[in-house]
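This report covers helix packing and burial in one model. The sequence and structure come first.

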Amino acid sequence: MNPSLAPSENTSSAAAESLAPDPVIEAARFMLQGGTLGQLRGVTPQQYEALYRIGYDYYQAGRCRLASQMFSLLFSLDPYEKRYAKGMASSLQREGRFEQALACWGATSLLDLDDSVPVLHACECLMELGRLDEALESLEPMVAPGATEPPPVIERARVLVERIRRQQARKGTA
């Protein structure tokens, strides 16, 4: 028998390892089925709340970079929790990082399609970025006759629409 073809002690352990589930693949499967990184890591509700409280306190103190980092961590642990996306988006917007905030507001709006507040904030970011036509396109349905948004949302949308129209009139693009 050719010695290079003879089974070795390493061959049987390698074969056993190849039959064992790959933890990375198993984690990916879990997350594709709606699991979160936080669940994989065993993060408790109390730990989530403690981290959220730290992020919230940073935000309230005007320490938006630290707040956005905390909310980013929370969002990476549980991307289905709207509060974490909202906290991250609010912190980024307040910090003046409008492009990143816009992306976060988009994610926030996808977590609750019935909540139009993230759309308002996204429009504020669009305005700061000079993308007035895009903002107006998103706001106009909120102020159209028969709009079903809550009254505070309609009022805020009206204020933003008026501001956009004034800016466009000043630029001569109305």
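Helices α7 and α8 are roughly antiparallel to each other (an angle over 145 degrees; under 35 would be roughly parallel, 65 to 115 roughly perpendicular and the rest oblique). By class, their contact has 9 nonpolar, 3 polar and 1 charged residues, where Ala, Val, Leu, Ile, Met, Phe, Trp, Tyr, Cys and Pro count as nonpolar, Asp, Glu, Lys and Arg as charged, and the others, Gly among them, as polar. The model is predicted: local features need pLDDT of at least 70 and side-chain atom pairs count only at pLDDT 80 or more, while totals for chains, interfaces and linings use all residues. Residues are numbered from 1 along each chain as its sequence is written, and side-chain values use heavy atoms, with hydrogens and water left out.

Two packed helices are described by the angle between their axes and the distance between the axes. For α7 and α8 the angle is about 160 degrees and the axes are 9 Å apart; axes are lines fitted to C-alpha atoms over the stretch in contact, and angles run from 0 to 180 degrees between N-to-C directions. The crossing is left-handed, that is, the near helix is turned anticlockwise from the far one by less than a right angle. On the α7 side the contact (heavy atoms within 4.5 Å) involves F98, A101, L102, W105, T108 and S109, which meet P118, V119, H121, A122, C125, L126 and E128 in α8.

Helix α6 (a DSSP run of H or I, at least four residues, numbered from the N terminus) comprises residues 82-95. Its 14 residues should span 20 Å at 1.5 Å a residue (1.5 Å times one less than the number of residues), and its end C-alpha atoms are 20 Å apart, which agrees. Buried residues (under 20% relative accessible area, 1.4 Å probe, protein chains only) in α6 are Y84, A85, G87, M88, A89, S90, S91, L92 and Q93. Their cover includes α4 (45-60), α5 (64-77), α7 (98-111) and α8 (117-128). After α6 comes G96, with a positive phi near 90 degrees.

Two buried residues are set out below, with contacts that leave aside residues up to four places away in sequence.

| Residue | Helix | Relative accessibility | Contacts |
|---|---|---|---|
| S91 | α6 | 0% | Y59, C64, A67, S68, F71 |
| I164 | α10 (residues 151-171) | 0% | M127, L132, A135, L136, L139 |

I164 and L132 are 32 residues apart along the chain, and their C-alpha atoms are separated by 6.3 Å.

Key: Helix = DSSP H or I, 4+ residues; strand = E, 2+ residues; numbered from the N terminus. Buried < 20%, exposed > 50% of the residue type's maximum accessible area, 1.4 Å probe, protein only.
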